[in-house]
Each structure stands twice: as C-alpha cells, then as structure tokens.
Amino acid sequence: MVKDLPGFYFDTERNRYFPLSSRPSSSTSATRSSTQRNSPERKRFKIETEANEPTVSRTIFHRTRTLPSSTTQRLFDCSLSSATRCNSLITHDARCSRFASTSRFDFSQTSCFGNITEFCSATTEDGLTRRYIGDDRGWFYTGVVAQTYMWPPDINLHSHSEVSSIKVSGQTCVTTCFGPITKVAVQDLRVSGRTTLITFNKVHDVRGSHFQDGSLILGAKNKAVYIPDINESGYTQYLYNSQNSDIFALDRDENIVYTGARNGSITRHDLRVPSEKHGHWLFQSRFSAQNNNRQPRQASSVSYLKLVKQSELIVSQMNGELCTYDTRFPLQNSPSRQFRGHRNSGICVDPAHDFLFAAGEDYCIRGWSLRTGQALHAYDGNSASTAPVSTAMLNSSSTSSSLNRFRNPFKTLFPKAVSTLQVTEESDGSLCLWAGCQQTLYRYFLGQYSKEP
C-alpha cells in the first residue's frame, strides 16, 4: 500500500516518490495516456478484438441549419425578379430589332389648304378612335374612316396662323393656333358640330398646350397660362419663369407643371401654390463650365418636354440636343442619358414610354429605346445615297417596287422635314407611328413586315 507523504507524490510507473513541484501537468498526462492508447501493442490488441466482434451498423446524423421562412421567401423573390427582369430585357431587345426592321406602311393625301403642322389620334370615352390634323393656314380637320381616310375641313381658327396644338381628353378636343391673337377651339365630341371658339386677348404666340380633365395650360409669350376649367375660361393663372422668356414646351404631372423657355431654362411650377408665380429653375448649371479648361455651352431654346418613368424628363433643344434629366436631382448639370444624331424637329413617345422617336431637319426619322438608349435607326443623313420620296412617286402605282426601300421609317428620306409625329396603340394591340409631312400623312406599323415583294 502506497503511503501519502506531505510534499510528495508517488509515480506508479517509476515506483518511487517525487516532489509535488515536479509533478507533470494534466495535458502532459493526457498526452502520455493518449500515447499509451495509440501504442502498437494496444492497436494490435484492438484489431484482434474487433475482428472477433460482430459488425454493428451505425447511423450518423448531420445537423443542418434551416433558414427562416421570410429569408427563404426573400431569396426566392429576388431570384424570381432577376429572372423576370432578364426576360423583360431580352423581350425588349427583340422588340427593338423588329421595330428597326419595319416594312409595312400606308399613307393618305389629305388635300389640306396648307401643310400639316399637327396630328392627333385618341380613343375617347365612348370607345371611338378619332383623328385630327391641323395645317399652317389655321384649318382644323377631322378624319373620317371609309376605305381610306378622308379629311374634310372643320373650322378655321386664324387664316394667317398655323395650328400649334391639338389635344383630346375625355369627350373634349382643344385646338390652339399660333399668332398675335390667341384663339382656342373647344369641340364637344358628344354632339356633332358643337364647337366653341374662345379668344384670349392678353395671351399671344401659343406654341403648345397641355389638356387634361378639363384644365388647360398654354405655352405663350413671356409665360404659361393655366386655365383650371375650360368651360369657365374667365379665370386664369399666369406661370412666369425667372426671365419672363417665351414658353416653347410644357408638360404636366398632376399638380406639377414643367415649362421649357426660349432662353433654355426649365422651370417647375406647383399649381397648389398660386402665390409661387416664378416656380423653381431646374438644371440651371447645365450651360455653365464644369472646370477651368472647358468653355460654357451656349444656351439653346427648349423645344420639347415630356416626363416619363415618373422622374425622367425628356428634353429637346433647338441645337439638336436630345437627352433625359432626373427630376429628383434638380441641381445636376449633366443629363442621365443622351440620344445622339437628332436634328431638331417633331418628337413623340410611345404610350408605354419605352421608345422615343424624333424627326429631324435633315428629312429623317430616328428612334431609340428609352430603357437602354439603343438606337433603332441605322440611317445616317450625311451618307444619304437615295433621293427623297416625292408625292408623285407615292401616287404612282407603277413604282410600287421602287417604294420598298422607303417602307422603313428609319431608312426613308422624306421630301421635307416631318413636322409632327405620334405613336398610337391600335385596337389589335399593334403600335403605329404617324408622320405628317407637307400634305401627306404616313402610317408605319412598327415591328410588322410588308407582304408585298
């Protein structure tokens, strides 16, 4: 029997006493015991023992981590939305390709007294599609559908002023003319032949308008004019800009009005604040020099404004610049996207705000995707090798084969600059691009191909 001696411990392996200060730590003992367990003699004994024992099957359980249902749903929704967005872009690119290859079109001779300046097509509340045109002699025409469109004259606003805008909302059509005396024709579409002619003595040179739900906004000399109710035209509200420049373009988003002026300024007005006459000047530094090495850009008149995608403002200027600005950043001085090649003329956007079309002073039509900025046109007016389409060629049946090269709107060189453009969605869901040039109205079925050889 081993006796306990104070200050000493007995080592059974060496069979003798040692001081407690020299006693090995527990890790060393554990290592020594592990070494003993792994000695060749113990391994040999273990192998011989396991060989004689029956085999027992064992099941190993792996612990897995389960994500919360909300996290799993978010991951699934994210992957699904990414796939949907990818498929949408692929579909949009395919649509761009089809639009660029358009070859189906028709045209109609309007027999106007002057050249076409405005065209409007709208589906009213009664489900009827109505089409109107105006010319540079102040005449307003209503389209009548027969085998082909007939355009009988309806009313003359001013014999020496061109029709500057035609707008339809609900069951009312409003037409304005440009000139020293502003006249506005208000047509009740529910009653045939009921047209009211309103004269504004203090409003001059109306170049554009916006009409929605009975309220009318006019872009005029030195200011914009807001008429809350067209049936009570006696009350008007003037919207001025910082330098009282002429208003060339305007657009409206509920209570917010955007105006583009002759001096190149873009102003935002809030109709809920009547005392705010001058509004807020947007993107005012876009004409200034960004650094010492760059000269300031020359200001150019704004000829077109259109708000799309809630915050993207399409801006066209007289110098040919066509771009979009983000209205959420009114102090920015550079556009969010530019569309190159424009030559300053008529502009329009499709109803879904996916495509932008512009007619240039070089007699060409161009198109872009508003999603990607991709150009639909492959035609360059500087390298034109074809002659413009003439009225005689369009009327001649013997030249039908030679018109094949003019069936695509982006490859056609028109006889003069196209003055008005509009994209309409037809009853069958197809999109049509309308273009007015001189006294001819062209219609292109976007993405469709002609059956003629």
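Before counting anything, I took helices (H or I, at least four residues) and strands (E, at least two) as DSSP runs, numbered from the N terminus. I also reminded myself that this is a predicted model.

**Entry 1: the whole chain**

With that settled, I looked up the secondary structure and found four helices and 31 strands. I then checked burial, and 42% of the 453 residues count as buried. For the contacts with a separation of 6 or more, I noted that 44% join residues 24 or more positions apart.

**Entry 2: the nonpolar cores**

Which residues have the most contacts inside the largest nonpolar core? I found F357, I365, L376, F414, V418, L421 and L433, in a core of 21 residues. I traced the elements that give two or more residues to this core: α3 (69-100), β27 (355-359), β29 (420-425), β30 (431-437) and β31 (440-445). The largest share, four residues, comes from β30. Apart from this core I found another, of 14 residues, with V174, V184, L216 and A220 among them. I kept a general point in the margin: in soluble globular proteins, nonpolar side chains tend to be buried together.

**Entry 3: strand β16 and its partners**

Next I went to β16, residues 223-227. Five of its five residues are buried, so I wrote this strand down as largely enclosed by the rest of the structure. In a regular strand the side chains alternate between the two faces of the sheet. I therefore sorted the strand by side, with K223, V225 and I227 on one and A224 and Y226 on the other, and both faces of β16 are covered.

Which way do β15 and β16 run, parallel or antiparallel? I found them antiparallel, with five bridges joining β15 (residues 215-220) to β16. Within this pairing, I217 stands opposite Y226. I looked at the hairpin too: two residues lie between the strands, and N222 takes a positive phi near 70 degrees.

I then followed β16 to β17 (residues 237-240), where four bridges join the two strands, again in an antiparallel arrangement. Here A224 has L239 as its bridge partner.

**Entry 4: aromatic rings**

My list of aromatic pairs has 12 entries. I opened F113 and W139: the ring centres are 5.0 Å apart and the planes are at 45 degrees, so I logged the pair as tilted. F113 lies in the loop between β3 (105-109) and β4 (116-123), while W139 is in β6 (residues 139-142), so this pair ties together parts that are 26 residues apart in sequence. I checked exposure as well: F113 is partly exposed at 42% relative accessibility, and W139 is also partly exposed, at 27%.

Y238 and Y240 gave me an edge-to-face pair, with 6.2 Å centre to centre and 80 degrees between the planes. Both rings belong to partly exposed residues, Y238 with a relative accessible area of 27% and Y240 with 23%. I also marked one aromatic cluster formed by F105, F107 and Y444.

Two charges over rings went into the notebook. K223 lies over the face of Y238, at 5.1 Å from the ring centre. The charged end of R104 sits over the ring of F445, 3.8 Å from its centre.

**Entry 5: N241**

Is N241 buried or exposed? At 1% relative accessibility I counted N241 as buried, with its place in the loop between β17 and β18 (247-253). The side chain of N241 reaches the backbone nitrogen of N244 at 2.8 Å. Leaving aside neighbours within four places in sequence, I found N241 in contact with N222, I247, A261, T267 and H278. I was pleased to meet N222 again, the hairpin residue with the positive phi.

**Entry 6: Q422**

My last stop was Q422, in strand β29. At 17% relative accessibility Q422 counts as buried, because the cut-off is under 20%. What does the side chain of Q422 have 2.9 Å from one of its polar atoms? I found the backbone oxygen of S121 there. Leaving aside neighbours within four places in sequence, Q422 is in contact with F119, C120, S121, C348, C432, L433 and W434. I finished with A435, which is 13 residues from Q422 in sequence and 6.9 Å away in space, C-alpha to C-alpha.

Technical notes. Residues are numbered from 1 along each chain as its sequence is written. Side-chain values use heavy atoms; hydrogens and water are left out. A nonpolar core is a set of buried Ala, Val, Leu, Ile, Met, Phe, Trp, Tyr and Cys residues joined through side-chain atoms within 4.5 Å. Buried means under 20% relative accessible area, exposed over 50%, partly exposed in between (1.4 Å probe, protein chains only). Two strands pair if DSSP finds at least two bridges between them. Rings of Phe, Tyr and Trp (its six-membered ring) pair if their centres lie within 6.5 Å; planes under 30 degrees apart count as stacked, over 60 as edge-to-face and the rest as tilted. A charge sits over a ring if NZ of Lys or CZ of Arg is within 6 Å of the ring centre and within 35 degrees of the ring normal. A polar contact is a pair of N or O atoms within 3.5 Å; within protein, one must be able to donate a hydrogen and the other to accept it, and residues adjacent in sequence count only if both atoms are side-chain atoms. Contact means heavy atoms within 4.5 Å.
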